[in-house]
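Here is a short report on a structure with two chains in contact. Have the coordinates open while reading.

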Amino acid sequence: MKSIRSRLLAWLLSSLLLAGLLASAVTYFQAREDVNGVFDFQLQQIAASMKNRRLPQPADLRDTRSLDEEGDEEGDWVVQIWRNDGTLIYGSQPGLLLPRYPERGLSTRSWKDKDWRVYATTWRDRTIQVAQPLNVRREMAAAVAFRVLIPVLVLIPLLGVVIRISVGRALRPLDEIGASLERRGAAALAPLPERDLPGEVLPLVKALNDLLRRLGESMEMQRRFVADAAHELRTPLTAVQLQLQLVERANSAEEREAELVQLERGVQRAIHLVRQLLTMARVEPDAVREPPEPVPLEETINAVITEYAPIAADKNIDLGLARSEPVTVTGYPADLRIMLSNLVDNAIRFTPSGGRIDLRLSLCGRDAVLEVEDTGAGIPPGDRNRVFDRFYRRHGGATQGSGLGLAIVKCIVDRHGGRISLDAGGEERGLKVTVILDSNPTDITKEVR
Amino acid sequence: MRLLLIEDDPLIGESIRKGLRKDGATVDWVRDGDEADTALKTGTWSLVLLDLGLPEKSGLDVLRDLRRRGDTVPVLILTARDAVADRVRGLDTGADDYLVKPFDLDELTARIRALLRRRAGRAQPLIVHRGLTLNPVTHEAAYEGKELSLSAREFGLLLTLLETPGAVLSRAKLEERLYGWGEEVESNAVEVHIHNLRRKLGRDFIRTVRGVGYMIPKNP
């Protein structure tokens with residue numbers, strides 16, 4: 001795990017060190033310039049001071065102690081004096097005798113693997129040459145540069161401690177939020193306090209609170225759904241229990257037979273409700289799912305009609321496809337099939353024997369238009385919005401649905417970003433359900449061609 | 001005994017009606033709140049079975065209006081709502097008992113008997129009067145120590161007359177209590193049953209009040 005604290009520490013300290021090094025490098029070069037200027041001037045001064053000096057005899061080259069005191073010991077000066085005929089008459093350090101360079105003035109020479117700064121001048125019949133090794137100057141500049149670095153090196157551990165403490169303090173709200181979240185139970189979804197938080201942490205806490213709120217809503221929805229479902233299951237189970245007791249009390253075989261038929265109806269109804277509840281849970285908007293894919297609606301309709309044709313035939317209802325165009329929508333094939341099945345199932349449930357159910361699929365501009373029209377009792381305009389509510393059942397009729405069919409349909413339509421509307425069927429009777437979905441763009445290009 | 005069942009679910013309604021009929025009760029069945037209102041305003045029942053989740057008008061509203069009219073008929077609520085608050089609301093609105101779905105048919109009939117017993121001011125389940133013992137649970141009857149064989153209608157007729165000994169009940173009232181809606185009633189059905197009962201219990205057990213109806217006297 002990368003800790004903000006150690007990362008900050010590493011960044012700050014390393015940049016501090018880098019800045020110190022840079023500063024001392026700059027200092028080094030500047031100091032060398034300055035030292036150069038000063039020493040060059042000194043070279044010239046020493047040469048000038050040699051002009052009036054009484055010199056020892058040329059043979060006496062070794063006896064030059066008196067002159068050495070003049071020169072700076074650290075400077076490592078080498079003073080040599082020649083007569084014009086080339087005879088060396090003086091050398092300040094008998095062990096170090098540089099050659100006589102022809103140029104007058106300042107120059108840099110290489111001699112005996114060392115760089116030398118040399119100044120030469122002519123005075124009367126003599127040539128005076130003063131030399132100094134360059135490394136002396138470099139060492140002095142380096143010493144100056146190092147002195148610049150010292151405070152930085154001292155500061156680094158000090159700053160390290162200060163940064164550690166201050167960053168720790170600044171990050172304390174984060175630690176507190178983490179601790180308070182850790183202590184919570186899974187169902188405790190109260191928002192985190194947003195007061196007195198640093199600006200950097202506030203967006204995180206706000207986002208967390210938003211997530212907690214949405215989680216809470218979703219949990220509440222689930223809880224309500226489970227409660228509703230349990231409540232709804234009581235009705236078919238009551239019927240089943242009573243019917244079972246009637247079977248037990250039947251006095252004759254025929255009576256028992258008749259009660260068993262009723263019992264089976266009751267069980268079928270309970271199964272239908274459970275199935276619808278499961279479907280409802282599956283099409284819930286928060287359910288995890290695969291990405292949508294192109295669905296050829298014509299195939300879906302054909303499959304559903306094939307599935308329901310025998311049931312419709314049993315009730316003597318004419319179920320068929322009245323109009324069909326090839327239309328593809330982007331969505332979830334299983335959901336779209338459930339939607340259509342529910343619509344057809346409803347139509348069959350509420351259409352009396354001898355009735356008719358027409359399905360139509362057409363393309364209207366960008367819209368895929370799907371219609372299911374029956375010749376049943378229909379739904380009065382005042383009730384048309386309420387029938388989409390979960391567990392809402394309309395009164396009347398011996399056929400009792402689960403109260404979930406249209407709620408499931410609505411859920412699927414919403415999920416696909418479509419619209420659904422209820423109207424009276426042809427000649428103002430029955431019910432016409434219209435579902436409008438966005439068709440796949442490929443169909444439109446086909447249409448244009 | 002004649003009961004009014006107010007229940008919108010066809011399967012449950014049908015089962016309750018069949019089950020109670022087997023127990024000797026007469027059951028009239030209405031399926032929504034408005035129908036229930038009309039029935040309760042016009043007819044008389046020994047007891048009302050009331051579902052709360054009704055279309056058109058909620059069961060609680062039906063009950064409230066019933067009590068507001070001063071009707072004291074015992075009401076047993078049958079509902080899927082099992083929260084304590086729902087039970088309290090139901091009982092406070094004027095129900096006499098509360099049964100949560102799903103329930104057992106035996107429990108339902110036992111509660112119905114208990115309510116009717118309490119209504120008649122009796123503590124014990126057996127009905128005893130001048131040597132006649134009726135058991136509403138088993139439908140067994142005994143007279144002067146000997147077992148008595150009674151038809152379901154005869155049993156019902158005796159039970160009805162013994163609900164309030166000393167009260168005179170007209171022939172029409174008795175018919176209403178014994179037969180449900182849509183049941184064929186012979187014009188002299190009550191007379192035939194009375195005649196048969198007198199054969200089994202003696203002439204004086206049930207008295208005829210001329211021009212008014214029948215009664216079983218409180219004290220001989």
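In this predicted model, helix H7 (residues 297-314) of chain A lies across three strands of chain A: E7, E9 (356-364) and E10. Its direction makes about 165 degrees with that of E7(A). Helix H8 (residues 333-350) of chain A also packs on the sheet. H8(A) touches E9, E10 and E12 of chain A, and runs at about 20 degrees to E10(A).

The sheet under these helices is open and has five strands. Their order is E7-E9-E10-E12-E11 in chain A, with mixed pairing. Which strands stand at the edges? They are E7 (318-324) and E11 (419-424) of chain A. Each has a single partner strand, so one side of each is left without a neighbour in the sheet. On average, neighbouring strands are turned by 15 degrees against each other, direction ignored.

Strands of a sheet pair through backbone hydrogen bonds, in a parallel or an antiparallel way. Strand E10 (residues 367-374) and strand E12 (residues 431-438) of chain A take the antiparallel sense, over seven bridges. One detail fixes the register: A:Glu373 has A:Lys432 in E12(A) as its bridge partner.

**The long N-terminal helix of chain A**

Helix H1 of chain A covers residues 4-50. How does its span agree with the 1.5 Å a residue expected? Its 47 residues should span 69 Å, and the end C-alpha atoms are 68 Å apart, so the two values agree. Buried residues in H1(A) are A:Ala31, A:Phe39, A:Leu43, A:Ile46 and A:Met50. The buried residues of H1(A) pack against strands E1 (78-83), E4 (114-123) and E5 (126-133) of chain A, and against helix H3 (134-170) of chain A.

Chain A as a whole has ten helices and twelve strands. Of its 449 residues, 24% are buried. Contacts in chain A between residues at least 6 apart in sequence join residues at least 24 apart in 67% of cases.

**Cores**

In soluble globular proteins, nonpolar side chains tend to be buried together. The largest nonpolar core here has 54 residues. Those that touch the most other members are B:Leu3, B:Ile6, B:Val48, B:Leu49 and B:Leu50. Helix H6 (residues 152-163) of chain B gives the most to this core, with five residues.

What does B:Leu3 touch, not counting residues up to four places away in sequence? Its contacts are B:Leu20, B:Ala25, B:Thr26, B:Val27, B:Trp45, B:Ser46, B:Leu47 and B:Leu49. Another core, of 41 residues, lies apart from the largest one. Among its members are A:Leu273, A:Ala407, A:Ile408 and A:Ile412.

**A buried charged residue**

B:Arg111 sits in helix H5 of chain B. Is B:Arg111 buried or exposed? It has 20 other C-beta atoms within 10 Å, so B:Arg111 counts as buried. Not counting residues up to four places away in sequence, B:Arg111 touches B:Leu76, B:Asp97 and B:Leu99. B:Asp97 is 14 residues from B:Arg111 along the chain, and their C-alpha atoms are separated by 8.0 Å.

**Backbone geometry**

Two residues other than glycine have a positive phi, as listed here.

| Residue | Phi | Loop | C-beta neighbours within 10 Å |
|---|---|---|---|
| A:Lys112 | about 50 degrees | between E3 (105-111) and E4 of chain A | 8 |
| B:Glu144 | near 50 degrees | between E8 (140-143) and E9 (146-148) of chain B | 11 |

A:Lys112 counts as exposed. B:Glu144 is exposed too.

The peptide bond from B:Lys101 to B:Pro102 is cis. Its omega is near -5 degrees. B:Pro102 lies in the loop between strand E5 (97-100) and helix H5 (105-119) of chain B.

**Where the chains meet**

How many residues does each chain bring to the contact? Chain A gives 18 residues and chain B gives 18 residues. On the side of chain B that touches chain A, helix H1 (residues 10-22) of chain B gives the most, with eight residues. That side of chain B divides into nine nonpolar, seven charged and two polar residues.

How values were computed:
Residues are numbered from 1 along each chain as its sequence is written. Chains are lettered from A and ligands numbered from 1 in the order in which they are written. This is a predicted model: local features need pLDDT of at least 70, side-chain atom pairs count only at pLDDT 80 or more; totals for chains, interfaces and linings use all residues. Two residues are in contact if their C-beta atoms, placed from the backbone, lie within 7 Å. Helices (H or I, at least four residues) and strands (E, at least two) are DSSP runs, numbered from the N terminus. Ala, Val, Leu, Ile, Met, Phe, Trp, Tyr, Cys and Pro count as nonpolar, Asp, Glu, Lys and Arg as charged, and the others, Gly among them, as polar. Two strands pair if DSSP finds at least two bridges between them. Axes are lines fitted to C-alpha atoms, for helices over the stretch in contact, and angles run from 0 to 180 degrees between N-to-C directions. The expected span of a helix is 1.5 Å times one less than its number of residues. A residue is buried if 20 or more other C-beta atoms lie within 10 Å of its own, exposed if 12 or fewer, and partly exposed in between; C-beta atoms are placed from the backbone. A nonpolar core is a set of buried Ala, Val, Leu, Ile, Met, Phe, Trp, Tyr and Cys residues joined through C-beta atoms within 7 Å.
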